[in-house]
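Reader: I should like to learn how the features of a structural model are read. May we work through one example together?

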Amino acid sequence: NAVYDKFRKAYGNITDSVNERCFRQDDDFNTLAALEIVDTEKKTVEKAEILLVDDHALILEGICQILKRIPEVVVADAVTTGKEAVGLIAARDYDIYILDVGLPDMSGFELIEMIREINEDARIIINTMHEEIWYINRLIRLGVNAVTLKASESVEIGKAVKSVLRGVAYTCPRFEGIRQKLSNASSQIHP
């Protein structure tokens with residue numbers, strides 16, 4: 001919801017503890033209700049919905065378990081093929097897309113481009129095993145919001161989601177190190 005996104009950008013994420021406090025203090029509740037980001041009957045704040053795409057079911061399950069610990073989000077859909085993802089993306093918009101670029105039935109890069117055609121402001125997190133220079137350069141050119149490498153600690157996916165919810169780009173330390181080396185190398189070659 002666009003109003004919720006504006007509120008998050010201005011004031012940060014709404015966590016369960018903030019949610020609880022808001023409904024104890026009438027002024028806060030009325031402010032949130034006026035912003036149309038709460039269900040006034042259920043007295044809950046909307047959670048960011050995630051589409052998770054990875055061709056490995058074990059990875060999907062692991063990421064789902066990690067994301068269950070983040071109260072601001074819910075995995076709305078988790079699929080193992082690009083074709084399934086395309087069908088879901090055509091039917092609805094998600095708050096965050098977490099994608100693997102190495103899918104068996106289509107390029108994850110194509111999927112990113114397709115999401116951007118539908119919603120140029122889509123928040124996209126890439127979770128990949130690829131550390132090759134051309135992958136990194138292409139991800140940077142496509143303007144993804146966050147990148148985590150599968151070789152990273154499991155906490156990195158949570159950090160990426162939380163950063164993207166705040167409107168801040170994120171890269172795991174390993175990816176950032178590779179990106180910095182590329183940046184330094186290219187600045188030495190092309191002044």
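Reader: In which strand is the place of Asn127?

Author: In this predicted model, Asn127 belongs to strand β6, which spans residues 123–128.

Reader: Why does Asn127 count as buried?

Author: A residue is called buried when its relative accessible area is under 20%. Asn127 has a relative accessibility of 8%, and therefore counts as buried.

Reader: Which residues does Asn127 touch?

Author: Leaving aside residues up to four places away in sequence, Asn127 touches Ile59, Ile63, Ile98, Leu99, Asp100, Thr148, Leu149, Lys150 and Ile157. With Thr148 there is also a polar contact between the side chains, at 2.8 Å.

Reader: How should one read a helix, and which residues of α6 are buried?

Author: The general idea is that an α-helix has 3.6 residues a turn, so residues three or four places apart point the same way. In helix α6, residues 108–118, the buried residues are Gly108, Phe109, Leu111, Ile112, Met114, Ile115 and Arg116.

Reader: What covers the buried residues of α6?

Author: The cover includes the strands β3 (48–53), β5 (96–99) and β6, together with the helices α5 (82–91) and α7 (133–142). Strand β6 is also where Asn127 lies.

Reader: What is found at the start of α6?

Author: There, a side-chain oxygen of Ser107 comes within 3.0 Å of the backbone nitrogen of Phe109.

Reader: How many helices and strands does the chain have, and what share of its residues counts as buried?

Author: The chain has nine helices and eight strands. Of its 191 residues, 41% count as buried.

Technical notes: Residues are numbered from 1 along each chain as its sequence is written. This is a predicted model: local features need pLDDT of at least 70, side-chain atom pairs count only at pLDDT 80 or more; totals for chains, interfaces and linings use all residues. Side-chain values use heavy atoms; hydrogens and water are left out. Helices (H or I, at least four residues) and strands (E, at least two) are DSSP runs, numbered from the N terminus. Buried means under 20% relative accessible area, exposed over 50%, partly exposed in between (1.4 Å probe, protein chains only). A polar contact is a pair of N or O atoms within 3.5 Å; within protein, one must be able to donate a hydrogen and the other to accept it, and residues adjacent in sequence count only if both atoms are side-chain atoms. Contact means heavy atoms within 4.5 Å.
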